[in-house]
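Work through the exercises below with the sequence and the 3D structure at hand. Each task is followed by a solution in steps.

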Amino acid sequence: MTPQTAIDFAVRNATYVIFACVLLYFGLQAPAFLGPESLGNIIKQSSFVGIAAVGMTFVLLTGGIDLSVGSAMYLGPLLAGMAMQAFGLGVAEGLAIAVLAGVAMGVFNAVFIVWLRVIPFIVTLATLFLFRGMGVWLTSSQQFDFNEDMRSFGLGHSFGIPTPILFFAATALIGYVLMARTTFGRQVYALGNDREAAHKAGVNTPWVEARVYILCSACAALSGFVLIAQIGRLDTGFGEGREFDVIAAAVLGGASLFGGVGTAMGAVVGATLIQTVKLGLVFTGVNLYLQPMMQGLIIFIAVLMDGAREHRLQLDRKRTIRPN
Amino acid sequence: MTETETSPRRGLGARAADLFLSDYFVLYMSLAYVAVLAPFLPVLLTPGNVVNVMSNMWPLLIVAIGQTFVLAIGGIDLSQGSTIALTSVVGAMLIAVSANPANLDLAPIWGTILTENGGPLAGVPGNVAMGIAAMLVVAVLVGLINGAAIAIFQMPPFMVTLVTLITISAFTIWMTQSENVANLPEGFIALGKGDIVSVYFGAKDESKIARKVIYSAITYPMVIAVSVAIIAHVLLSRTVFGRYVMAIGINRKAAEISGVPVRRVIILVFVISAVCAALASILYSARLEAGRPSLGEGNFLLDVIGAAVIGGTSLFGGKAKIIWTFFGVLFFVLLSNTLNLMNLSSFQVDMVKGGVILAAALMDVLRTRLMRERTR
Amino acid sequence: MTDILTFDALSKSWFSVPAVEGLTLSVREGSVLGLIGQNGAGKSTLMNMIGGVVAPTSGQMLWRGSPYAPRGAADATRAGVAFIHQELNLFTNLTVAENLYIDGFPRRFGLIDHKAITARAQGILKRLDLDVSPGTIVGQLSPGERQLVEVAKALHNDASLIILDEPTTSLTPRETARLFEVMGKLRAEGRTLIYISHILGDVARLCDYIAVLRDGRLVDTGPVADFAVPRMIRSMIGRDLAGMYPPRSGKPSDAALLQVSRVSQPGVLEDVSLTVNRGEILGLFGLMGSGRSELARILFGLDPCASGSLQLDAATLRGGPRDRIAAGMAFVTENRREEGLMMDATIEANLSLVGIRSFGRGPLALVDSASLARRSEVSRHDLGIKAGNIAMQPVKALSGGNQQKVVIGKWLLKDPKLFILDEPTRGVDIGAKYEIYSLADQIAAAGNGILFISSELDELMGMADRIVVMSRGEVMGDIARPDFDSERILRMAFREVAA
């Protein structure tokens with residue numbers, strides 16, 4: 001490998017290179033960090049941001065953004081919990097209601113973005129306030145407690161796998177299949193690459209774009225439900241500011257804010273990488289307060305690499321006139 | 001070629017459209033809002049409440065002005081809130097007159113910068129001015145980092161300022177281990193509360209006047225915020241720099257080809273944004289009588305952007321006026337205040353805020369369409 | 001042979017300016033029609049009507065004898081029309097196979113049947129002799145391969161009429177030969193082709209019959225056997241030039257102003273040298289993809305150049321646009337909307353953008369709006385900009401010609417020594433063209449130099465003192481006014497002959 005191609009490789013796979021370095025570093029510092037228990041813990045704790053990041057990747061693929069995920073994480077489980085309490089429903093029904101509530105929130109976003117043509121940033125900024133406000137209105141600012149079933153579900157195992165990991169894996173798999181294996185997924189990529197051309201090629205762009213926001217909110221509601229199932233109660237501030245964590249995880253996983261680039265696996269890796277750094281710093285005894293700084297640094301590097309990648313693409317795209 | 005001649009017989013619709021398109025629309029809306037609510041909420045127009053609305057308005061206005069410059073070039077600055085916290089802590093730890101080891105002895109700044117006898121500037125003549133200068137220097141540095149990454153490395157402003165947001169707040173919280181730095185000198189605290197002119201509405205022959213019936217009419221925060229607003233207005237609408245800012249926001253490529261120093265202007269805009277955050281930080285810290293690492297957290301920044309958008313500033317750049325931001329902030333603060341007076345919780349206030357931002361965005365879509373029809 | 005597509009007195013006007021007028025022509029099934037004409041002759045408008053992008057103002061189109069009025073790209077595709085443009089409509093982040101199927105994938109168990117699309121794509125690629133795996137991401141292909149993927153898309157949609165619009169401009173000779181081979185195959189399969197190109201030699205070689213458009217009208221048509229290249233060129237030009245251009249009021253001096261020597265940039269320019277003298281209008285002629293605009297960008301410091309030297313008034317040019325402006329250069333770009341103007345800003349803001357610094361007063365650089373308004377008013381008067389209140393009216397509300405005057409006007413505020421005008425009359429009506437020519441003449445008469453870049457030969461022959469011809473990034477020749485000969489210049493541009 002020449003130095004040129006080595007740099008090219010590093011730029012293209014920046015996240016994986018960083019991930020490998022991080023694992024290597026912490027492994028050397030504290031070998032127990034690479035043990036199965038610690039690794040399992042990392043994945044379990046990544047599931048919250050990770051599930052939402054898979055949904056966010058769909059939105060970023062179209063070149064949009066969804067700032068309302070933090071509030072969807074709160075309102076989705078809340079509505080589910082209230083329904084469970086009111087109608088004496090089980091956890092499975094609650095889960096379905098949470099996801100449906102997410103779908104409804106996504107539809108709301110999509111109506112403004114797709115139909116009324118307001119830019120996604122503003123719409124989802126407004127719904128960030130709206131969804132949370134609605135939740136707190138319903139609870140009168142009180143903390144909401146779930147019954148015991150909820151925790152036994154959240155902390156339980158199926159097939160020997162902790163529930164959160166199971167949901168994380170399922171979301172990632174479904175996300176992957178949707179993105180890579182369905183007409184819808186490929187049209188999302190086409191839309192993000194060239195909206196005009198997608199329209200010309202006969203892609204139903206409004207419908208594709210609407211579904212992207214619906215998926216994102218549904219994933220956010222699901223991620224909130226899965227985490228709340230482990231805690232058993234829901235505070236009014238739950239999920240606040242999480243939109244940035246979710247976007248950061250997706251971008252770290254290779255999704256571009258300019259659209260057209262990103263994968264479900266990337267979102268998983270991005271979320272896991274952030275969690276690895278967090279836990280690694282705990283493991284090596286670094287001051288807790290300094291951890292977000294490391295997180296910031298890593299995102300910075302990833303974005304810088306993304307810029308470099310974009311720059312290279314643009315150079316490639318420049319017309320050459322002379323035969324080479 | 002169209003000339004919109006004002007003919008004497010213009011319809012009501014056209015006049016309503018004029019009102020809608022006017023710079024003062026949000027002000028009219030605010031006034032109408034107050035007029036509608038005042039009969040039901042008598043407390044709204046009491047001097048005490050007016051003072052309250054204004055004291056909430058000034059620091060937010062300063063931050064929003066900084067953000068307006070960034071929005072004008074089509075960027076966004078998410079790091080303003082964390083800059084407020086950082087500068088607040090930096091200023092406080094330098095000028096605090098004493099400190100309590102009970103809650104601060106775990107902080108890295110304890111013993112090195114801050115001791116029981118306060119910060120290094122405690123008791124030094126001119127300490128308040130020096131502390132403020134230090135806060136501004138820190139802000140300039142933050143702005144330079146943001147601006148350089150965006151202008152030179154062409155990274156998206158959203159991600160760059162998100163990273164500075166995360167990093168700066170972590171750093172601030174680490175420095176203080178989440179503890180407030182209190183015991184600030186009187187001279188500094190006066191900046192947040194000090195009245196320059198006060199008003200007393202009671203009877204004149206009263207021998208002792210209780211403090212709570214004296215209302216501050218003109219305060220330091222007001223003077224500072226209004227000065228910042230005037231300077232910013234002049235800068236944005238009357239100087240060559242302001243022309244460059246708008247040119248970059250409307251069409252960066254054309255600006256570059258026309259010889260606008262694009263990189264320099266972008267960097268400067270982010271410095272302005274950070275400096276405005278530091279100025280607001282002075283007001284917040286002085287009012288709370290402490291350097292707080294938790295300032296500007298949570299949805300604060302979304303408030304700022306919401307206020308700017310309600311005023312009419314476009315997120316696409318090239319469409320921004322300080323006066324719009326002024327009215328946007330006024331309306332936003334009024335809204336929070338009235339909803340609080342109606343005994344709604346802060347979260348219900350958020351819900352209404354969300355609705356208002358959406359409505360403002362829809363109005364903007366409508367306004368753009370109207371404008372297009374007029375210039376056709 | 002039957003007619004696949006017939007134009008029947010087809011017309012399209014833009015704001016009562018005709019772009020295509022009374023066009024009656026039949027496209028015969030299974031043959032190759034060569035469509036030629038100068039820029040602005042109406043070719044793209046005609047293509048847009050076939051593609052359903054614009055609707056005709058009058059007249060109609062017939063598809064296999066029945067009325068054809070597509071209301072969008074999808075209608076045209078359904079009818080069996082495929083377009084292959086120079087600007088490709090491919091998704092660079094998807095694979096070759098996915099690009100073919102983006103509007104609807106075959107499914108198995110609800111998921112995309114990758115096996116089926118790969119096999120089908122493989123089959124099509126094989127017919128085109130394109131040795132690329134269907135799973136390759138399009139972004140990794142060369143321009144030539146991408147062009148063939150577009151052809152594959154046409155085959156996938158089973159298009160019976162394929163329209164190729166300047167498809168070879170970004171291809172290497174090898175790739176071009178490959179495309180021509182494929183075109184032969186398509187024709188052998190009984191498909192109909194319309195081939196649009198400025199490269200007349202190719203047109204003569206590939207097509208069965210020729211149609212020449214000029215000013216929106218069909219001026220000449222016939223089988224290719226009767227159509228040698230000289231006849232094509234004559235039909236394309238054939239216009240009386242008198243009265244279109246103002247008389248030149250000054251004489252160029254011999255003093256060199258801009259000296260470009262041996263400028264090269266890999267993949268773009270090769271050993272380009274030229275000189276613009278004081279008071280001279282130097283015409284730079286070249287077809288699309290000849291490197292004329294790329295040269296302009298390098299001259300203005302927007303793009304890098306690997307070697308060679310640039311001098312203005314014997315001083316070497318360095319740095320970016322700001323340094324070039326300081327040195328006395330001005331650049332009216334070919335892309336008025338994206339690079340020339342702030343469309344949403346007022347006329348005054350646009351006029352003052354370049355020279356705004358000189359209106360700054362005091363340490364804050366406060367804009368002296370009174371003198372700025374006066375100066376803008378003078379500009380408006382001098383340039384004859386037809387507008388209402390220039391401090392209120394956005395520049396996007398102006399006509400193309402008046403917009404272009406604003407672009408020129410903003411540079412005049414700086415009194416530059418050298419103007420680079422890149423396609424200054426594109427999208428401008430005849431009357432405003434004359435005014436822009438007059439402006440160019442005045443600028444030159446005042447002792448300044450102009451590099452006038454155009455793909456319309458007529459206007460260069462009308463205005464320039466000398467014409468430099470470029471092709472494929474090289475200078476093909478340098479012709480002085482007494483020797484102007486449109487046929488010779490076009491031949492140079494088409495590389496039919498060396499200088």
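The exercises cover one chain, one interface, one helix, one core and one loop residue.

This is a predicted model, in which local features need pLDDT of at least 70, side-chain atom pairs count only at pLDDT 80 or more, and totals for chains, interfaces and linings use all residues. Residues are numbered from 1 along each chain as its sequence is written, and chains are lettered from A and ligands numbered from 1 in the order in which they are written.

**Exercise 1.** Describe the make-up and compactness of chain B.

Step 1. Chain B holds 15 helices and two strands; helices (H or I, at least four residues) and strands (E, at least two) are DSSP runs, numbered from the N terminus.
Step 2. The radius of gyration of chain B, taken over C-alpha atoms, is 22 Å, close to the 21 Å that the globule rule gives for 376 residues, so chain B is as compact as a globular protein of that length. That rule is 2.2 Å times the number of residues to the power 0.38.
Step 3. The C-alpha trace of chain B spans about 75 × 65 × 35 Å along its principal axes.

**Exercise 2.** Find which elements of chain B touch chain A.

Step 1. Contact joins 34 residues of chain B with 39 residues of chain A; two residues are in contact if their C-beta atoms, placed from the backbone, lie within 7 Å.
Step 2. On the chain B side, two or more residues each come from α7 (157-176), α13 (300-311) and α15 (346-375).
Step 3. The largest share, twelve residues, is from α15(B).

**Exercise 3.** Check the length of helix α5 of chain A.

Step 1. The expected span is 1.5 Å times one less than the number of residues.
Step 2. For the 25 residues of α5(A), residues 91-115, this gives 36 Å, and the end C-alpha atoms are 35 Å apart, which agrees.
Step 3. After α5(A) comes A:Arg117, with a positive phi near 55°.

**Exercise 4.** Which residues does C:Ile420 contact, leaving aside its neighbours within four places in sequence?

Step 1. The partners are C:Ala296, C:Leu299, C:Phe300, C:Met329, C:Ala330, C:Phe331, C:Val332 and C:Leu451.

**Exercise 5.** Is C:Arg248 exposed, partly exposed or buried?

Step 1. C:Arg248 lies in the loop between α8 (229-237) and β13 (256-265) of chain C.
Step 2. A residue is buried if 20 or more other C-beta atoms lie within 10 Å of its own, exposed if 12 or fewer, and partly exposed in between, with C-beta atoms placed from the backbone.
Step 3. C:Arg248 has 19 other C-beta atoms within 10 Å, so C:Arg248 is partly exposed.
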